[in-house]
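Student: Got a minute to go through the charged pairs and cysteines with me? I've got the structure open.
Tutor: Sure, let's have a look.

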Amino acid sequence: MSGSSGEQAPAYSSILSISDEAARVQALNEHLSTRSYVRGYSLSQADVDVFRQLSAPPADTRLFHVARWFRHIEAILGGPCGRGEPCGRQASKGRREQPQWSPPAGSPPCKLRLYNSLTRSKDVFIPQHGKKVTWYCCGPTVYDASHMGHARSYISFDILRRVLRDYFGYDVFYCMNITDVDDKIIRRARQNYLFEQYREKQPPAAQLLDDVHAALKLFSVKLRETTDPDKKQMLERIQHAVKLAAEPLERAMQSDLPAVVADGCEEALLAEAKDLLSDWLDCALGSEVTDNSIFSQLPKFWEEEFHRDMEALNVLPPDVLTRVSEYVPEIVNFVQKIVDNGYGYASNGSVYFDTAKFASSERHSYGKLVPEAVGDQKALQEGEGDLSISADRLSEKRSPNDFALWKASKPGEPSWPCPWGKGRPGWHIECSAMAGTLLGASMDIHGGGFDLRFPHHDNELAQSEAYFENDCWVRYFLHTGHLTIAGCKMSKSLKNFITIKDALKKHSARQLRLAFLMHSWKDTLDYSSNTMESALQYEKFMNEFFLNVKDILRAPVDITGRFEKWEDEESELNESFYDKKAAVHEALCDNVDTRTVLEEMRALVSRCNLYMAARKAARRRPNRALLESIALYLTHMLTIFGAIEEESSLGFPVRGPGTSLDLESTVMPYLQVLSEFREGVRKIAREQKVPEVLQLSDALRDDILPELGVRFEDHEGLPTVVKLGDREALLREREEKRQVEEEKRRKKEEAARKKQGQEAAKLAKMKIPPSEMFLSESDKYSKFDENFAGGAPSARGGLRPSQWPS
């Protein structure tokens with residue numbers, strides 16, 4: 001219907017006569033609902049008159065006729081007109097244009113914040129060069145087996161590195177060092193070398209006993225000087241064990257026992273007294289060890305073990321690995337420039353860092369990380385090393401707070417030529433020189449354990465900024481929290497020292513990583529049975545979800561059947577899915593809070609489980625595509641965290657023992673056929689009432705398949721669920737189920753016996769003659785009246801009821 005001035009004027013006149021604006025717009029909307037005002041519409045003067053009364057289209061969506069009419073006329077006239085202003089048509093004579101578009105307001109993006117030890121707060125992470133992140137991590141001092149304290153740092157940093165790289169999309173260049181020149185390594189290498197030489201000489205029994213007693217005398221001095229009660233107790237145990245081990249050899253010599261007996265006693269004593277003899281031999285002969293190769297064998301062995309442990313824990317290897325022994329020329333040049341810049345001084349063949357000179361400079365600050373620890377002589381001496389805190393060494397310093405950049409080598413220590421004479425690097429300088437060589441004057445991230453903050457990292461910062469003459473060698477300093485063992489500090493003296501290999505004998509690498517993910521990377525983590533039980537339960541919870549989704553996805557369906565109509569339940573689950581993803585993102589932005597992430601993931605799985613249970617109860621199939629999307633997202637997040645070791649399409653992968661074979665994809669088709677065949681046999685057995693076949697079917701499910709790592713779950717009226725899992729876990733589940741059933745059976749039998757006893761007692765009581773019924777209840781009745789009918793007792797001193805006092 002086309003509009004004209006004559007047709008519309010009466011209607012518009014009545015509309016314009018309405019004084020209330022809201023009522024006028026409502027009347028206009030009702031009028032416009034009866035006519036076409038876009039296609040083939042002729043603009044009239046009445047339209048223009050009414051249009052001029054409106055400043056903008058109405059916001060109320062119910063008045064959409066007015067809104068459309070307003071925009072249509074606005075497009076023709078070229079824009080709204082103020083009241084009283086003339087409106088003219090566009091030169092295009094009715095040509096319409098696209099309305100103006102405005103972008104949505106949106107919400108500000110969540111920014112990654114990391115806890116920075118330089119500020120002791122969470123700072124927004126801003127790399128210096130776009131998406132590239134340079135990162136240096138302090139590696140291990142390789143002189144012994146890697147322990148759970150190492151795992152605490154390197155798993156935590158591996159998680160952070162993976163999140164920055166695979167979630168936030170940074171290009172991370174990760175550098176780590178190996179300390180293979182150190183006071184502990186030197187002493188241990190000398191001791192091992194001297195002890196092996198001593199053993200090869202096969203000293204006579206008498207000589208061995210004399211040497212052990214001499215070693216015990218030296219050990220007693222060490223014991224008296226020890227003040228730490230735990231360490232003192234450990235040393236006392238060692239002393240007692242060596243004395244006990246010496247007694248059989250002493251008796252063998254006194255009794256002139258056969259040589260074979262004496263030889264056995266010697267070997268036992270050598271094994272028990274190894275540490276004492278090694279220390280004694282080192283004190284006597286250590287200065288005679290001069291071959292540098294002796295000091296490289298020990299760290300090479302333990303470095304290999306460290307890399308094997310990291311691989312077993314699924315810790316990514318660094319992009320670059322540096323060793324102190326390979327960077328000695330760079331370290332010498334680094335020290336020389338610090339001296340040239342005025343912050344180092346040579347003394348008796350060693351070079352020390354002048355902390356007072358550095359701190360007094362306007363451009364520098366000493367003790368950035370732990371300023372309150374500056375001057376802590378105990379911590380400073382621990383940083384210098386056991387071989388570097390003798391009185392003559394300490395007297396070489398201008399200040400007790402100064403620390404060694406380069407140490408003059410004593411007899412029995414490895415050495416390299418340098419401008420100050422033969423010597424070796426100090427501990428702190430190694431990281432500065434190696435990181436500075438590879439990462440330059442300023443790196444984005446430096447990482448290490450919490451206990452390295454002072455003096456190691458504060459000294460690193462000082463000497464590096466003295467070298468580069470800047471105050472920004474590290475932009476973000478990250479320190480992982482301590483690890484305790486059942487609430488106690490891990491220590492050999494407390495007999496709670498746990499190596500990584502020992503830990504992996506009890507739990508898988510995934511379970512250890514989940515335990516770490518369930519705690520903040522910067523806080524103390526307590527490695528205990530409770531902690532690991534929580535990790536095991538989380539793994540089981542997630543794995544059950546993955547297995548259930550896999551079972552749903554295996555159900556045959558045509559291509560179009562994969563996409564089903566969404567009901568309210570699917571929409572609600574999808575909304576929850578996106579809410580959880582947003583919560584996960586916020587948690588990762590908040591200092592990579594993996595603990596909250598895992599809780600959000602758990603909540604999402606719980607929501608999915610409720611959805612699947614409701615569908616199962618209603619005998620309806622869950623939405624495949626939605627559950628697959630959620631499962632893939634969770635798989636992706638666990639892969640980012642390193643909790644899924646291999647490439648997995650969905651959930652935790654199941655591999656063949658000792659192989660990379662994808663066991664699940666290989667055997668699942670056969671298991672599915674077995675399940676369907678078994679279901680058919682069970683159906684026939686029920687119809688034909690053959691209980692023996694049903695029992696065999698149950699035995700297959702309960703006894704045979706779990707031994708193969710397979711679980712069949714039977715559900716009334718639904719297909720059997722097939723799950724492939726860990727054999728040991730399934731056997732544990734079976735044993736727990738049997739124990740529960742045994743306990744139920746025991747309680748049921750006990751209840752039956754109790755009920756049977758009660759019924760027997762009741763039956764026996766019914767057989768008692770009335771005259772004897774109450775005779776056994778002497779505790780209730782003091783006297784019986786033989787004249788009372790039926791021999792009933794009297795509870796009132798034998799009186800009849802009629803004689804009881806009122």
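Student: Is Arg734 buried or exposed?
Tutor: Arg734 is buried, because its relative accessible area is 17% and the cut-off for buried is under 20%. Keep in mind that this is a predicted model.

Student: Which residue does Arg734 form a salt bridge with?
Tutor: Glu707, with the closest N and O atoms 3.0 Å apart. Glu707 sits in the loop between helix H25 and strand E15, while Arg734 is in helix H26, so the pair links parts of the chain that are 27 residues apart.

Student: And Glu707, how accessible is that one?
Tutor: Glu707 counts as partly exposed, at 33% relative accessibility.

Student: Which residues are joined into one network by salt bridges that share partners?
Tutor: Arg678, Glu679, Arg682, Arg686, Asp698, Arg701, Asp702 and Asp714.

Student: How many salt bridges does the structure hold?
Tutor: There are 53. One of them joins Arg424 to Asp183, with 3.0 Å between the closest N and O atoms. Arg424 belongs to strand E9 and Asp183 to helix H6, and the two are 241 residues apart.

Student: Are Arg424 and Asp183 buried or exposed?
Tutor: Both Arg424 and Asp183 are buried.

Student: What does Arg190 form a salt bridge with?
Tutor: With Asp282, where the closest N and O atoms come to 2.7 Å. Arg190 lies in helix H6 and Asp282 in helix H10, so this pair ties together parts 92 residues apart in sequence.

Student: Why do Arg190 and Asp282 count as buried?
Tutor: Because Arg190 has 7% relative accessibility, and Asp282 has a relative accessible area of 6%. The cut-off for buried is under 20%.

Student: OK, switching to cysteines. How many disulfides does a search of the whole structure find?
Tutor: It finds 0.

Student: Why is there no bond for Cys110?
Tutor: Because the closest cysteine sulfur, in Cys589, is 3.3 Å from the sulfur of Cys110, which is too far for a bond. A disulfide needs the two sulfur atoms within 2.5 Å.

Student: How accessible is Cys110?
Tutor: Cys110 counts as partly exposed, at 37% relative accessibility.

Student: What about Cys472, which cysteine sulfur is closest to it?
Tutor: The one in Cys175, but that sulfur is 18 Å from the sulfur of Cys472, so it's too far for a bond.

Notes
Residues numbered from 1 in each chain as written. Predicted model: local features only at pLDDT ≥ 70, side-chain atom pairs only at ≥ 80, totals over all residues. Heavy atoms only, no water. Buried < 20%, exposed > 50% of the residue type's maximum accessible area, 1.4 Å probe, protein only. Salt bridge = Lys/Arg side-chain N within 4 Å of Asp/Glu carboxyl O. Helix = DSSP H or I, 4+ residues; strand = E, 2+ residues; numbered from the N terminus.
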